[in-house]
Amino acid sequence: MSAPMQSTVEFVDLRLSDWEGARTAHLDQVPRSSTIGQVVSEAVQQLGLPLGGLFKAVFRGVELDPAGTVDELGIASDSEIELVPEVSAGCG
Amino acid sequence: MTEGACTFAIEVRRADGALAGTADASVSMCVEDALFRGVQAGHLANDGQLPALRLTPTWHEAQRPSVAALSLRLEGVPTRHYDREVFAVQARALVQRLLREKKISDGEKVQWQVVAREEDADAARPRARTTRAPFPWEPEALPQVPRGGFEVRFEAGVLRKLHDRVRASGETEGAELLLGRLAHDSARQALELRIVDALPLAAGRGGRSNVHFAFDPGSFVSARRAAEARGDGVRPVGWHHNHNPCAGCRDNPECKVNWVFFSELDLEVHTSAFGSPAMVALVGGKVGHLPAQRPGFRLYGWRDARVVERPFRVEGSGAGVWSARDGAFLDEEDG
């Protein structure tokens, strides 16, 4: 009888694209303990997106909690995440 | 990838020169502009590759490291020059953040500057790389577009649909995702953006009012999915929103107040969500010399890494009498 398998993968590779699909940041060896906020910050920096503080992460159409970790949110390696801004227009 | 690499930052300083706050500054709008122009002109292949680049700051006289302008050289492309104003939207965002954090006070006089410093070549680099998609244009002969030009054309029915929506907008702003196709004539180095439809954008968490329209990720993602579901190859190419007239404008046909302009908030939306160089923004509302019941439009888009007003053409029949001079349909009663 074999012992149950335990996950020893502590890192994931992630792809984060702007919502237009024009540019993609490939982040390798991201610790699973990283928060989504940290991942977004790194990707925004890699892509050189202006107004980087406005961007949120969307995975499979669902916005991710920036305080949640990659591990907690079940983000697997090679997942594709979108970077989408939260911003307001208007004449005010 | 980057020779002679510099990092750029924006500094906000008080009237006495004290530093109130700083933030990293992005030069991506300049890089995207140079790449787009280089590919349009045929200096570079449209293969998504970014060649080696070199950024050279021009210093304010005797004020190094304060940047007055910068030059960007992409290998194989003539050098392009950008003035400090390309950073204005990022400087405004920093000022707003400092206000929220109460590091500066409302009404306080502050100044901003861009500073550049050489990157530390020995600094640890994260394990990351960036890829990009080719520009999404289709080859086509464009004899109607001047050589080297980039023109925008609306189908009249799209503008009529937006016109009717703006007229009926009541006391809340509305917004749409513009859909279309980009055509490129490599022999003439010409581009034409054709806008063929507009899909409603849902307001985000911040809601909407008479003076604002908030987008959240769901606003953009759901509209893009609706566009993809059409299956006809059109893509998001920009956005439209309207500015509502005040009550006085509605009641007074003689009112000359103009509500069609590109606000600082609008600039944040375009910079963050529509940053590709071919993306455009249409604003609808009361044009100064026309009554509120006859809304008009102005178009804005990227040029030299800044958002500026740009002309557009309207084609097609059956949608009404379009006046390019007024930017409005002139075929109905004012009332």
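Helices and strands here are DSSP runs, numbered from the N terminus, with strands needing at least two residues. Two strands pair if DSSP finds at least two bridges between them. The model is predicted.

**Confidence and overall form**

The predictor gives the complex an ipTM of 0.89 and a pTM of 0.92. Chain B averages a pLDDT of 91. In that chain, 96% of the residues score at least 70.

Chain B holds 6 helices and 20 strands. Its C-alpha atoms fill a box of roughly 65 × 55 × 35 Å along the principal axes. The radius of gyration of chain B is 22 Å, which agrees with the value near 20 Å for a compact globule of 335 residues. Of these 335 residues, 39% count as buried. Contacts in chain B between residues at least 6 apart in sequence were also sorted by separation: 67% of them join residues at least 24 apart.

**A sheet built from both chains**

An open sheet of 6 strands runs in the order β4(A)-β3(A)-β5(A)-β1(A)-β2(A)-β8(B), and its pairing is mixed. The edge strands are β4 (62–63) of chain A and β8 (128–132) of chain B, each paired on one side only. Helix α4 (residues 217–230) of chain B packs on this sheet. Helix α4 touches β3, β4 and β5 of chain A, and its direction makes about 115° with that of β5(A).

Strands of a sheet pair through backbone hydrogen bonds, either parallel or antiparallel. The table lists three pairings within the sheet, then one between β6(A) and β13(B).

| Strand pair | Sense | Bridges | Facing residues |
|---|---|---|---|
| β3(A) and β5(A) | antiparallel | 4 bridges | Lys56(A) and Val84(A) |
| β1(A) and β2(A) | antiparallel | 6 bridges | Leu16(A) and Ala25(A) |
| β1(A) and β5(A) | parallel | 5 bridges | Arg15(A) and Glu80(A) |
| β6(A) and β13(B) | antiparallel | 3 bridges | Val87(A) and Phe215(B) |

Strand β1 covers residues 11–18 of chain A, and β2 covers residues 23–31. Their hairpin has 4 residues between the strands. There, Gly21(A) takes a positive phi near 80°.

Strand β5 spans residues 79–85 of chain A, and β3 spans residues 55–59. β5(A) pairs with β3(A) in the antiparallel sense, but with β1(A) in the parallel sense.

**The contact between the chains**

The contact takes 43 residues from chain B and 33 residues from chain A. On the chain B side, α1 (28–40), α2 (88–100), β8, β13 (213–215), α4, β14 (235–243) and α6 (264–273) each supply at least two residues. The largest share, 7 residues, comes from α6(B). By type, the chain B side divides into 20 nonpolar, 15 polar and 8 charged residues.

Some of these elements also appear above. β8(B) is an edge strand of the sheet. β13(B) runs antiparallel to β6 (residues 87–89) of chain A. α4(B) packs on the sheet.

**A loop residue of chain B**

Gln144(B) lies in the loop between β9 (137–139) and β10 (150–155) of chain B. Is Gln144(B) buried or exposed? Gln144(B) is exposed, because 12 other C-beta atoms lie within 10 Å and the cut-off for exposed is 12 or fewer. Gln144(B) and Ala190(B) are 46 residues apart in sequence. In space, their C-alpha atoms are 9.4 Å apart.

Methods:
Residues numbered from 1 in each chain as written. Chains lettered and ligands numbered in written order. Predicted model: local features only at pLDDT ≥ 70, side-chain atom pairs only at ≥ 80, totals over all residues. Contact = placed C-beta atoms within 7 Å. Axes fitted to C-alpha atoms, helices over the stretch in contact; angles between N-to-C directions. Nonpolar A, V, L, I, M, F, W, Y, C, P; charged D, E, K, R; others polar. Buried ≥ 20, exposed ≤ 12 C-beta atoms within 10 Å, placed from the backbone. pLDDT = per-residue confidence, 0-100. Rg over C-alpha atoms; globule rule 2.2 N^0.38 Å.
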